[in-house]
Amino acid sequence: MRVAVVGATGAVGSVMMRLLEQRPALADGVVAVASARSVGRRLPFRDGEVEVRALTADVFDGVDVAIFDVPDEVSQRWAPVAVERGAVVVDKSAAFRMDPEVPLVVPEINPEEARRPPRGIIATPNCTTLAMVVPLWALHRRYGLQRVVAASYQAASGAGQAGIDDLWDQTQRAAKEEEAVTSGRAGDVLAPGAAFPHPIALNVIPQCGSVREHGYTSEELKLCNETRKIMGLFDLAVTATCVRVPVVVGHALAVHAAFEREVDADEARALLAGAEGVVVRDDPTAARYPTPLEAAGSDPCYVGRIRADLFDARALELFCVADNLRKGAALNAVQITELVARQGRS
Ligand SMILES: NC(=O)c1ccc[n+]([C@@H]2O[C@H](COP(=O)([O-])OP(=O)(O)OC[C@H]3O[C@@H](n4cnc5c(N)ncnc54)[C@H](OP(=O)(O)O)[C@@H]3O)[C@@H](O)[C@H]2O)c1
């Protein structure tokens with residue numbers, strides 16, 4: 001297939017290029033597209049390079065699948081253009097996720113929905129949702145999920161290259177100001193960067209995205225709405241507090257999940273160990289549990305700290321971690337592209 005990567009120079013797009021590089025059977029040709037700022041840049045690809053092209057309608061000519069890793073408003077405008085030119089669009093942005101005519105696909109959960117998308121667009125979920133929903137699905141099938149309460153610990157790269165740059169710049173600045181930092185004056189020497197409303201180095205920020213209705217942030221509402229849509233559980237109660245932490249890559253969530261039926265922690269551990277796309281790391285006495293540093297650069301959704309609620313026989317506590325740029329973004333889109341390719345062949 002010929003695949004276009006729109007946003008090839010960004011945090012997600014760069015990982016996407018690497019994943020496609022490793023899959024010659026999926027994509028024999030790649031068109032790299034970005035903003036006017038990057039036109040003419042040469043990106044390494046397999047044995048050679050590809051030149052970044054500007055986003056115009058003709059970049060989609062002859063393209064089978066166009067993967068969009070760009071801001072919402074860019075997807076909103078250009079995804080329909082790619083469809084008109086004959087491509088199936090796999091969109092990583094939030095532009096179409098809640099559109100009833102656009103399937104929101106996680107291949108481990110609802111692969112059948114990638115078949116014949118009515119608008120020619122398939123959406124892929126938010127990176128925080130993805131880290132949680134894959135393990136929860138395995139538990140739901142056995143116990144019947146009723147309620148989820150989550151607190152996230154989200155990496156700076158979740159806000160794109162600007163988030164990564166802010167974290168590095170501020171961390172380096174803080175390292176030169178040891179005296180101020182150790183005397184509790186870090187806030188005096190660190191200023192907010194481009195991506196977050198407060199300094200992210202040496203800090204945690206209880207706001208991911210913009211503040212929306214009922215005091216929830218856009219990220220918290222995405223976690224709720226997208227989880228329901230992916231699982232097809234439109235009455236599922238989901239509430240979350242999303243927090244940005246000074247980690248480069250890897251989103252983590254502490255999850256309280258309540259079910260219709262009584263749960264057993266050992267059985268849940270075994271179910272999760274057998275679930276597609278999930279790896280269990282769960283032996284706290286040996287300091288064995290998922291961490292973002294371990295998850296970064298790898299594919300699975302990791303889960304650990306699996307234990308029954310002390311006061312509710314129908315509830316479990318879990319700690320979930322995934323690489324937000326891989327399973328949380330580029331890898332999920334590549335898996336969807338593989339589904340599209342298989343349908344094309346069948
Ligand atoms: N980061 C994550 O963990 C994550 C996870 C899931 C979903 N997403 C979503 O994926 C999308 C990309 O995120 P990111 O983190 O990779 O952001 P990013 O690092 O800021 O990259 C944005 C990309 O979009 C390109 N772009 C921006 N404006 C454009 C325009 N007008 N025309 C063409 N290209 C344009 C940029 O090109 P230039 O380099 O030329 O500016 C860059 O390649 C966003 O919708 C985001 O919400 C991100």
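Let's start at the ligand: one of its oxygen atoms is 2.8 Å from an N or O atom in the side chain of Arg-37. This is a predicted model, where local features need pLDDT of at least 70 and side-chain atom pairs count only at pLDDT 80 or more, while totals for chains, interfaces and linings use all residues. Residues are numbered from 1 along each chain as its sequence is written, and side-chain values use heavy atoms, with hydrogens and water left out.

Here are the pairs with ligand oxygen atoms:

| Protein partner | Distance to a ligand oxygen atom |
|---|---|
| Ser-35, polar side-chain atom | 2.6 Å |
| Arg-37, side-chain N or O atom | 2.8 Å |
| Gln-161, backbone N or O atom | 2.8 Å |

On its own the ligand exposes 900 Å², and the protein buries 80% of that (areas by the Shrake-Rupley method with a 1.4 Å probe). Around the ligand there are 27 residues (each with a heavy atom within 4 Å of it), and the closest include Thr-9 and Val-70. Helices α1 (11–21), α2, α4 (160–175) and α10 (326–345) each give at least two residues to this shell (helices are DSSP runs of H or I, at least four residues, numbered from the N terminus).

Now for α2, which spans residues 72–84 and holds Ser-75. Is Ser-75 buried or exposed? Ser-75 is buried because its relative accessible area is 0%, and buried means under 20% with a 1.4 Å probe, counting protein chains only. Leaving out residues up to four places away in sequence, Ser-75 touches Val-70 and Asp-91, among others (contact means heavy atoms within 4.5 Å). With Asp-91, the side chain of Ser-75 also makes a polar contact of 2.7 Å (N or O atoms within 3.5 Å, one able to donate a hydrogen and the other to accept it).

Technical notes:
Buried < 20%, exposed > 50% of the residue type's maximum accessible area, 1.4 Å probe, protein only.
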